[in-house]
Amino acid sequence: MQSKQIVEIATAALDDLKGKDIVVIDVHEKTSVTDFMVIATGSSSRQVKALADNVIEEVKKQGVRPLGIEGLENAEWALVDLGSVVVHVMLQETRSFYDLERLWQGAEQSRAKQTNNEAV
């Protein structure tokens with residue numbers, strides 16, 4: 001499965017459970033570790049875990065197996081490594097502190113669209 005298809009599945013899974021401020025960053029020219037980073041915010045630790053679990057469930061349905069899953073225990077920041085796509089789901093304060101968008105500044109970013117066609 002191509003990276004962009006995995007991004008679409010992940011962003012839809014995040015949107016399905018009301019993930020906030022979903023951002024996709026194309027980092028393929030900046031690092032050899034992954035092609036895309038998907039970043040989303042959850043409103044509570046419980047929602048962070050649920051969002052990450054939903055991403056895992058939806059990609060598995062499409063035959064994609066996560067290479068690694070981190071942070072589900074405390075759920076302040078959950079990471080789902082899908083190889084060419086890495087999904088970060090964080091509490092707002094954690095996201096603000098680490099500011100991954102600024103860290104990867106200059107990489108192509110896009111805001112995922114919610115199902116109601118409003119930019120997140």
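**View 1. The largest nonpolar core of this predicted model.** Seven members of the largest nonpolar core touch the most other members: L14, V38, V55, V80, L82, V85 and V87. The core holds 27 residues. Six elements give two or more residues to this core: helices α1 and α2, and strands β1, β2, β4 and β5. Apart from this core lies another one, of eight residues. V27, M37, M90 and W104 are among those eight. The model is predicted, not an experimental structure.

**View 2. The surroundings of L82.** L82 is one of the residues that touch the most other members of the largest core. Which residues is L82 in contact with, leaving aside its neighbours within four places in sequence? They are I6, V55, V59, V64, P66 and V87. V55 and V87 are, like L82, on the list of core residues that touch the most other members.

**View 3. Helix α1 and its buried residues.** Helix α1 covers residues 3-16, which makes 14 residues. At 1.5 Å a residue, the helix should span 20 Å. Its end C-alpha atoms are 20 Å apart, so the expected span and the model agree. Buried residues in α1 are S3, I6, V7, I9, A10, T11, A13, L14 and D15. What do they pack against? Their partners are β1 (20-26), β2 (36-42), α2 (45-61) and β5 (85-91). Just after the helix comes K18, with a positive phi of about 65 degrees.

**View 4. The two faces of strand β4.** In a regular strand, side chains alternate between the two faces of the sheet. Strand β4 shows this alternation. A78 and V80 point to one face and are buried. W77, L79 and D81 point to the other face and are not buried.

**View 5. Strand β4 and its two partners.** Strand β3 (residues 68-70) runs antiparallel to β4, and three bridges join them. Here I69 stands opposite V80 of β4. The two strands form a hairpin with six residues between them. G71, in the turn, has a positive phi of about 85 degrees. Strand β4 also pairs with β5, again in the antiparallel sense, over five bridges. In β5, V87 is the bridge partner of V80. The hairpin of β4 and β5 has three residues between the strands. In that hairpin, G83 takes a positive phi near 85 degrees.

**View 6. A cluster of aromatic rings.** The structure holds two aromatic pairs. The ring centres of W77 and Y98 are 4.8 Å apart. Their planes meet at 55 degrees, so this pair is tilted. W77 lies in strand β4 (residues 77-81), while Y98 lies in helix α3 (residues 92-98), so the pair ties together parts that are 21 residues apart in sequence. The rings of F97 and Y98 form the other pair, with centres 4.9 Å apart. Their planes stand at 85 degrees, so the pair is edge-to-face. Ring pairs thus link W77, F97 and Y98 into a cluster. Are these residues buried or exposed? W77 is partly exposed, with a relative accessible area of 25%. Y98 is also partly exposed, at 44% relative accessibility. F97, at 65%, counts as exposed.

Technical notes:
Residues are numbered from 1 along each chain as its sequence is written. This is a predicted model: local features need pLDDT of at least 70, side-chain atom pairs count only at pLDDT 80 or more; totals for chains, interfaces and linings use all residues. Side-chain values use heavy atoms; hydrogens and water are left out. Rings of Phe, Tyr and Trp (its six-membered ring) pair if their centres lie within 6.5 Å; planes under 30 degrees apart count as stacked, over 60 as edge-to-face and the rest as tilted. Helices (H or I, at least four residues) and strands (E, at least two) are DSSP runs, numbered from the N terminus. Buried means under 20% relative accessible area, exposed over 50%, partly exposed in between (1.4 Å probe, protein chains only). The expected span of a helix is 1.5 Å times one less than its number of residues. Contact means heavy atoms within 4.5 Å. A nonpolar core is a set of buried Ala, Val, Leu, Ile, Met, Phe, Trp, Tyr and Cys residues joined through side-chain atoms within 4.5 Å. Two strands pair if DSSP finds at least two bridges between them.
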